[in-house]
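Visitor: Could you take me on a close look at the surroundings of one ligand in this structure? I am new to this, so please go step by step.

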Amino acid sequence: MQPTKQNTFEPKIIAFVCTWCTYAGADLAGTSRMQYPSNVRVLKFPCTGRIDPVFILKAFQQGADGVLVSGCHPGDCHYIAGNFHARRRFAVFRKLLEFVGVDLNRLQFSWVSAAEGGKWVEVVTDLTEKVRSMGPMTEFKELAMEEQWSGAINTPELQEAYNSI
Amino acid sequence: MSRIGVFICHCGENISRTVDVERVAAEVGKMPGVSFSTDYKYMCSDPGQNLLKNAIQEQKLTHIVVAACSPRMHEKTFRKAVEAAGLNPYLCEMANIREHCSWVHENKEEATVKATEIVGMMVERVKKNRVLPTITVPVTKRSLVIGGGIAGIQAALDIADCGHEVVLVEREPSIGGHMAQLSETFPTLDCSQCIMTPKMVDVANHPKIKLYTYSEIELVEGYIGNFQVTIKKKARSVDEDRCTGCGVCMTKCPQKKIPNKFDQNIGMRTAIYVPFPQAVPNTPVIDRDNCTWYKTGKCGVCQKVCGPGAVDFEQQDQLVVEPVGAIVVATGFDLYTIDEKPKGSPIKGYGEFGHGKIPDVIDGMTFERLASASGPTGGKILRPSDGKEPKQIVFIQCIGSRAREKGISYCSKVCCMYTAKHTMLYHHKVHDGQAYVFFMDARTPGKSYDEFWRRSIEEEEAVYIRGMVSRLYQKGDKIVVMGSDIAVGVQVEIEADMVVLATAIQPQKGAELLAQKLGISYDKYNFYSEAHAKLRPVECATAGIYLAGACQGPKDIPETVSQASAAAAKVMTLFSKDQLEREPIVARVKESGCVGCFACKKVCAYGAVEEKEIRDRQGNLIKTVAFVNPGVCAGCGTCQATCPSKSVELDGYTDEQVIAMIEAL
Ligand SMILES: Cc1cc2nc3c(=O)[nH]c(=O)nc-3n(C[C@H](O)[C@H](O)[C@H](O)COP(=O)(O)OP(=O)(O)OC[C@H]3O[C@@H](n4cnc5c(N)ncnc54)[C@H](O)[C@@H]3O)c2cc1C
Ligand code: SF4
Ligand code: SF4
């Protein structure tokens, strides 16, 4: 995504949503001609239960500055309990991200139902604004680069480790 | 090498007004793998679809992306068109540039950039799409109905009347369930026996219904359309084919003082018995625990008097296997037993109300038997202790129900109405008697229900006291009931001759064991869970299994019958086709990677994951892996995100596809 205005930072937001509730809610925002920032890209899944935390890491690594995960409200899952599994999984995952040092403000979870076009607009707008004010997310991109060039990393500890093999 | 075709729709002006469609088509045309890219005014129109079909054939396209409205709108349309042109429909994806782009953004530059990226994302995704064949499952057009109460009877009759065979399994010696025990029924006060027994006889005579009474479900295998059910026929000790139902054995049996469960243990029966005279089938059962022959090896009177020689002391339990395509669960309810605290249950009893200790404190169902013309008192309201007619009677509602501290927080739904009915039946039978009702609220929604309740007060002179009873004790031959009237704010004390407790409706004991055999889910009270509380109220989440009646939650007869007919309609929908066709969006296990941890099995709400043994040629077990039954899988993908070894994959939403999309950004 290119920044549309010169010299202003336009964040890249990736949204992982379920088909039945949030994707439909985003559709409703469209049919109601509501307006929101164009920074978000939506990936559709049958259920939030399908969303692997790895995708979130991958998104950050690919240059996302903010990630949104959204599905049906608790108790309304089209697949009975997929969103409960997702909620549990992401609760643990957030702790992990926090531990690693990722600012959790970049990662948002929400429940948006098929009837909540307005809420979708609100969630997306808020997250975009928040991330815009935080500036670009660099950590994971750098890490990805380092990984690719890991041959170049040569700390004394590493050297010692190599020698001991 | 993929030859991807991309088709950008203008949607009249809906898209082209804010998205520069020509520019998007040109940009996308440069992406690797894309060999054809164009834009068109209305892709979903006939000419639009023809454009798509022709391009597939002329350009030898292998994958398709249609950038237009939401896939929720037209994915089916375009997949059909693609199929008509000879491609697998699952090689076509839609990019949503209307609802998610042109309609929600005004800046044409921004919208065009975004649309290009959305299409680019789908181009990368579609490259990873695989050919998915439609899944078909054969359907055995026979149904199993478990439970022969009014719910099971109604469902069985409806399905059988449509011409399909039904196997009806009832645990007790006779069908009928609780409705057969009732005296008269609200809101019309028609006699329960009069409306119930004809239906029971219809079941017995229906050529399409195979009835197993005194039988239980032993094992359920298979899946929608293809279940194998093992039924245990408990030994009746009477040969059903020989017995004519004359009943002479029962008149001669010396064991005459066995409490009859059907009469709530206030009436007596013999050791060889039918639970009630209108039982279906009318074949007796020997209660081996109470029979002299089984206890001492002597007697055998029934066998001697039985003309057709039906009594068979040697009979054994039998296992029968029935193949069926659908299952209706209609196992009904049980009443909360107040005197004993069920072992290991979080439910606390009501020992303070003296049930089980004071003989004239009875429950609602016992009152039904007293009021029933075919009951042990011939329909007279008489005290179990001394057979006297009670002149002051107290009804207490919500015993167990809505009492979180006792372990049940739900409302049992039928007690307000049946208590109102009881006060009426009492007033009709004991003209000089007085009925009092302690109640928390009167919950009487339903057609003609509130009118019925009001009648019990206005015409039948029941005195309703809003409040709960705090204490109850025996004093001489009276029962002193102490409570508070919170409406007036005074303490009330009534010297009653009899007390009737409206006890909570609970699932059948052992309901969870049957659920485990069936692989269906149940709530914390053990009521069976429907797939969706609002939109799929009669289906279980497990495909091919349906619910009817009070096993799913407290219900009265009209609601039970409606649900039973609805369940039958669902079964008929399933039976309307020879083959069940379904979208191939299902999970698949890569057996080489599966470590057999079965994390997937634990999270699958549909019970789609099975265990499969892998053996070498000598038949030695190598390992046990997960297997997803495509007939059962709903395609949510929860298993995939859970699998630690990444060995289960949801077709249509593979990791490869998702990562390709993320990488495209
Ligand atoms: C005191 C009282 C009075 C009532 N009065 C009225 C009234 O006036 N009007 C009204 O509309 N409603 C009334 N009701 C409610 C009514 O009884 C129920 O709506 C109705 O009986 C529910 O029918 P069912 O078939 O779902 O369950 P049930 O009648 O409980 O039938 C379930 C059947 O399944 C069998 N079964 C259970 N488990 C198994 C198993 N594992 N395998 C095989 N078979 C099994 C049982 O033996 C039983 O035959 C009253 C209820 C009570 C308690
Ligand atoms: S054998 Fe058992 S059932 Fe038969 S008459 Fe004797 S006691 Fe009754
Ligand atoms: S995709 Fe969902 S329904 Fe299918 S096996 Fe996995 S968890 Fe079960």
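**A close look around ligand 1**

Guide: Happy to! Let's begin with where the residues come from: domain 2 (142–332 + 546–575) and domain 3 (338–506) of chain B each give at least three residues to the shell around ligand 1. Please keep in mind that this is a predicted model.

To place those two domains, look at chain B as a whole. Its division reads domain 1 (4–127), domain 2 (142–332 + 546–575), domain 3 (338–506) and domain 4 (583–663). Notice that domain 2 is written as two stretches of the sequence, 142–332 and 546–575. For a sense of scale, the centres of domain 1 and domain 3 of chain B, taken over C-alpha atoms, are 69 Å apart.

Now move in to the ligand itself. There are 36 residues around ligand 1, and the ones that come nearest are B:Glu170, B:His178, B:Lys421, B:Lys555 and B:Ile557. Sorted by class, this shell holds 16 nonpolar, 12 polar and 8 charged residues.

Next, try finding a few individual contacts. B:His178, one of the nearest residues, places a polar side-chain atom 2.7 Å from an oxygen atom of ligand 1. With B:Ile150, the partner is a polar backbone atom, and the distance to an oxygen atom of ligand 1 is 3.2 Å. B:Phe333 also uses its backbone: an N or O atom there lies 3.2 Å from an oxygen atom of ligand 1. How much of the accessible area of ligand 1 does the protein cover? On its own, ligand 1 has 1000 Å² of accessible area, and the protein covers 97% of it.

Which elements give two or more residues to this shell? In chain B they are the helices H6 (150–161), H11 (364–371), H12 (415–429) and H15 (557–575), together with the strands S8 (184–185) and S19 (333–335).

Before you leave chain B, turn to ligand 3 and set its surroundings beside those of ligand 1. Its shell divides into 10 nonpolar residues, 2 polar ones and no charged ones, while the shell around ligand 1 includes 8 charged residues. Among the residues around ligand 3 you can pick out the cysteines B:Cys604, B:Cys633, B:Cys636 and B:Cys639, as well as B:Tyr606 and B:Gly635.

Technical notes:
Residues are numbered from 1 along each chain as its sequence is written. Chains are lettered from A and ligands numbered from 1 in the order in which they are written. This is a predicted model: local features need pLDDT of at least 70, side-chain atom pairs count only at pLDDT 80 or more; totals for chains, interfaces and linings use all residues. Side-chain values use heavy atoms; hydrogens and water are left out. A residue is near a molecule or strand if one of its heavy atoms lies within 4 Å of it. A polar contact is a pair of N or O atoms within 3.5 Å; within protein, one must be able to donate a hydrogen and the other to accept it, and residues adjacent in sequence count only if both atoms are side-chain atoms. Accessible areas come from the Shrake-Rupley method with a 1.4 Å probe; for residues, only the protein chains shown count as cover. Helices (H or I, at least four residues) and strands (E, at least two) are DSSP runs, numbered from the N terminus. Ala, Val, Leu, Ile, Met, Phe, Trp, Tyr, Cys and Pro count as nonpolar, Asp, Glu, Lys and Arg as charged, and the others, Gly among them, as polar. Domain bounds come from an automatic or database domain assignment.
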